[in-house]
Amino acid sequence: MAARGTQRVTSVQGVGSTSASLILSAASMLVACTCLGLLLAQAAQVHRLHAELRDLKLRVAGETDARRCGVPATAPSGGPEARDLGGIRMRREMQREGKRRRQRQLGRRTFLHLLPLSSHSYDEEDQTLLKWTTGRSQGEGLKLSGETVTVSTGGSYFIYSQVLYTDTTYVMGHVIRKRFDDNETNLLKCMKNMPANKTLALNTCYTAGVQYLESGSVVELLIPRKDAEISLLPHATFMGLYRL
């Protein structure tokens, strides 16, 4: 009898141990599944945050470019389609603003290209002056009056000039001179050796440079030779000013 009781207790203990093992295994699997679910949820959240950060960087970059171009920066709302449409509208607005800026710059452009009409010398001065006509012009910053150009819009100007000499004097040349506040300043100078043979006396002298011209200053081209012989062809002798 005692042996049978012992055997019955042992059997019950074995069944209890098996049940406990099954419960522990199930609990371990549940914990593992829960941890795996949490990890997957965290990975999805991290991926979503990365996508939002990338979109935010793109919007900030677009708004910065828009502010540089003077375009009101409006962040598009909605999904990817709305953001794409917003980006297209922003690019179009930037293109239109660039076109308007170029048109404004074109409207402010000032230049004057002069062609020779005649040359003459004053008896009391050993120099020859040219009377000009307008070849091409734009803007209101420069005004031609016979021999001189008056600057009404001050600024930096690119000045160029060319004279074709047919004179046998050993050295020929010309000076671009500015008069402002009763002061005279030589801005540019050009010199050229000339042959003594009349049939060979044909040399061109060209000069150019950038100078600052005050509003109210007067610019002229003079040749420091009396009765200088030059060509008055428009492609041979000319002068111009271009506001930078």
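These exercises work through the links, strands and surface of a predicted model.

Local features need pLDDT of at least 70 and side-chain atom pairs count only at pLDDT 80 or more, while totals for chains, interfaces and linings use all residues. Residues are numbered from 1 along each chain as its sequence is written, and side-chain values use heavy atoms, with hydrogens and water left out.

**Exercise 1. The disulfide**

Task: Find which cysteines are joined by a disulfide, and where they lie.

Solution:
- Step 1. Apply the criterion: a disulfide is a pair of cysteine sulfur atoms within 2.5 Å. The search of the whole structure finds one.
- Step 2. Name the pair. C190 is joined to C205, with an S to S distance of 1.7 Å.
- Step 3. Place the pair. C190 lies in strand β7 (residues 183-193) and C205 in strand β8 (residues 203-213), so the link ties together parts that are 15 residues apart in sequence. Strands here are DSSP runs (E, at least two residues), numbered from the N terminus.
- Step 4. Read the handedness. The angle about the S-S bond is -110 degrees, and the link of C190 and C205 is left-handed.
- Step 5. Check exposure. Buried means under 20% relative accessible area, exposed over 50%, and partly exposed in between (1.4 Å probe, protein chains only). Both C190 and C205 are buried.

**Exercise 2. Salt bridges**

Task: Which residues form a salt bridge with R177, K178 and R179?

Solution:
- Step 1. Set the cut-off: a side-chain nitrogen of Lys or Arg within 4 Å of a carboxyl oxygen of Asp or Glu. The whole structure holds six such bridges.
- Step 2. Take R177. Its partner is E184, with the closest N and O atoms 3.5 Å apart. E184 is exposed at 51% relative accessible area. R177 is buried at 14%.
- Step 3. Take K178. Its partner is E214, with the closest N and O atoms 3.1 Å apart. K178 sits in strand β6 (residues 171-180), and E214 in the loop between β8 and β9 (218-223), 36 residues apart. K178 counts as buried at 10% relative accessibility. E214 counts as partly exposed at 21%.
- Step 4. Take R179. Its side chain meets that of E220 (2.8 Å, N to O). E220 lies in strand β9 and R179 in strand β6, so this pair ties together parts that are 41 residues apart in sequence. E220 is buried at 3% relative accessible area. R179 counts as partly exposed at 32%.
- Step 5. Join the pairs. Salt bridges that share partners put R177, R179, E184 and E220 into one network.

**Exercise 3. Strand pairing**

Task: Work out how β2 pairs with β1 and with β9.

Solution:
- Step 1. Use the rule: two strands pair if DSSP finds at least two bridges between them.
- Step 2. Count for β1 and β2. Ten bridges join β1 (residues 111-121) to β2 (residues 128-138), and the two run antiparallel. H113 stands opposite R136 in β2.
- Step 3. Find the connection. A hairpin of six residues joins β1 to β2.
- Step 4. Count for β2 and β9. Two bridges join them, again antiparallel. T128 has I223 in β9 as its bridge partner.

Definitions and conventions:
Helices (H or I, at least four residues) and strands (E, at least two) are DSSP runs, numbered from the N terminus.
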